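I opened the notebook to record what I look up in this structure. I go one item at a time.

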Amino acid sequence: MAARIEFQDLTLGYDRHPAVHHLTGAIESGALIAVVGPNGAGKSTLLKGIVGMLQPLGGRMRLDGIAPHDIAYLPQLAEVDRSFPLCVYDFVSMGLWRKVGAFGQIGRGERGRIEDAIRAVGLEGFERRAIGTLSGGQMQRCLFARLLLQDSSLILLDEPFNAVDAKTAADLLDLIRRWHDEKRTVAAVLHDMDTVRRSFPETVLIAREVVAWGPTAEVLTPRNLLAARRMIEAFDDAAHICARDTAA
Ligand SMILES: Nc1ncnc2c1ncn2[C@@H]1O[C@H](COP(=O)(O)OP(=O)(O)OP(=O)(O)O)[C@@H](O)[C@H]1O
């Protein structure tokens, strides 16, 4: 179980507009890293770049030990289409998609794993409920169950505790710790700095580029957080190319 990500001067963006610039560094195998920064800092963009939903505008990214389609990715809750008529059981079972495929049989072993995953997130009794009728916290549990089944060595979580209550957040955090104990590589976009300080040994603070990256206590200083805020306020969203490129 080893998945490592290396960035070399990576720039990601939309329609040629950079959203994250000049990212250089590595997320080591087995890391438990928080991705933090102000709104619009480029955190979600970074995860989308790692998953392959966005191609680099510049620089390079290298995945070691895992293919992009094997990454377990939790998008922001708002991006999940819940209008599709699926029940919890069927939605969770999609975590086995890579193993079973479109026309594969779900046998007794797989059914056991689906039931285990639903139990692990505390959704027993909800198996036949339509996903569109779940509360925000229940839906987040459902998404985590699907991730559990994916059994990936690289797990990317975009605001996993958004709109969930304290009990649900604690339960989901336990699952994240379990993944970390199993030596999986976990990166999570988070806004709650207390959770980051308590549970994430490593942090990358971004504001369209890296402000600080390293042990959480060294990254989350008032000085770095202020610098991040100022960088976001100063960023020109309409810029086509970055000033550093033209100055070179
Ligand atoms: N699909 C898109 N098309 C064009 N621009 C986008 C798109 N998605 C994001 N952006 C822009 O890219 C920049 C970074 O957005 P991103 O969603 O990565 O930030 P974030 O750090 O995740 O923010 P938040 O904390 O608010 O979720 C923002 O200026 C945003 O408006």
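**Strand register, β1 and β4.** Which residue in β4 does R4 stand opposite? I looked it up: R4 faces D64 in β4. I note that this is a predicted model. Further along, I found Q8 opposite R60, also in β4. I then checked the pairing as a whole. β1 covers residues 4-14 and runs antiparallel to β4, with six bridges joining the two.

**Strand register, β1 and β2.** I turned to the other partner of β1. β1 and β2 pair over seven bridges, in the antiparallel sense. I looked up two positions here. E6 has A26 of β2 as its bridge partner. G13 is bridged to P18 of β2.

**The sheet.** I put the pairs together. The three strands make an open sheet with the order β2-β1-β4, and the pairing is antiparallel. Why do β2 and β4 each have one side without a neighbour in the sheet? Both stand at the edges, β2 as residues 17-27 and β4 as residues 58-64, and each has a single partner strand, so one side of each is left free of a neighbour in the sheet. From one strand to the next, the twist averages 20 degrees. I also checked what packs on this sheet. Helix α1, residues 43-51, does so and touches β1, β2 and β4. The direction of α1 makes about 115 degrees with that of β1. A reminder to myself: strands of a sheet pair through backbone hydrogen bonds, either parallel or antiparallel.

**The hairpin turn.** Next I looked at the link between β1 and β2. The two strands form a hairpin with two residues between them. D15 sits in the turn and has a positive phi of about 50 degrees. R16 lies in the loop between β1 and β2. R16 is not a glycine, yet its phi is positive, at about 70 degrees. I kept the general rule beside this entry: most residues other than glycine have a negative phi. Is R16 buried or exposed? I count R16 as exposed, because it has 8 C-beta neighbours inside 10 Å, and the exposed class takes 12 or fewer.

**A163.** I looked up another positive phi. A163 is a residue other than glycine, and its phi is near 65 degrees. I placed A163 in the loop between β6 (154-158) and α6 (166-181). A163 counts as partly exposed, because it has 14 C-beta neighbours inside 10 Å.

**A2.** Then I went to the segment before β1, where A2 is placed. Which residues is A2 in contact with, leaving aside its neighbours within four places in sequence? I found S29, G65 and S153. A2 counts as partly exposed, because 14 C-beta neighbours lie inside 10 Å. I also took the distance from A2 to A163. They are 161 residues apart along the chain, and their C-alpha atoms are separated by 31 Å.

**The ligand shell.** I listed what surrounds the ligand. Eleven residues are around it, and Y14, N39, K43, S44 and T45 come nearest. Which element gives the largest share of the shell? I found that α1 does, with three residues. I sorted the shell by class as well: three residues are nonpolar, six are polar and two are charged. My cross-reference for α1 is the sheet entry, where this helix packs on the strands.

**The whole protein.** I closed with the overall numbers. I counted ten helices and nine strands in the protein. The C-alpha atoms fill a box of roughly 60 × 35 × 35 Å along the principal axes. Does the radius of gyration agree with or depart from that of a compact globule, and what is the value? It agrees: the protein has 19 Å, and a compact globule of 248 residues would have a value near 18 Å. Buried residues make up 37% of the 248 residues. Among contacts with a separation of 6 or more, residues 24 or more positions apart account for 72%.

How values were computed: Residues are numbered from 1 along each chain as its sequence is written. This is a predicted model: local features need pLDDT of at least 70, side-chain atom pairs count only at pLDDT 80 or more; totals for chains, interfaces and linings use all residues. Two strands pair if DSSP finds at least two bridges between them. Helices (H or I, at least four residues) and strands (E, at least two) are DSSP runs, numbered from the N terminus. Axes are lines fitted to C-alpha atoms, for helices over the stretch in contact, and angles run from 0 to 180 degrees between N-to-C directions. Two residues are in contact if their C-beta atoms, placed from the backbone, lie within 7 Å. A residue is near a molecule or strand if its C-beta atom, placed from the backbone, lies within 6 Å of it. Ala, Val, Leu, Ile, Met, Phe, Trp, Tyr, Cys and Pro count as nonpolar, Asp, Glu, Lys and Arg as charged, and the others, Gly among them, as polar. The radius of gyration is taken over C-alpha atoms; the globule rule is 2.2 Å times the number of residues to the power 0.38. A residue is buried if 20 or more other C-beta atoms lie within 10 Å of its own, exposed if 12 or fewer, and partly exposed in between; C-beta atoms are placed from the backbone.
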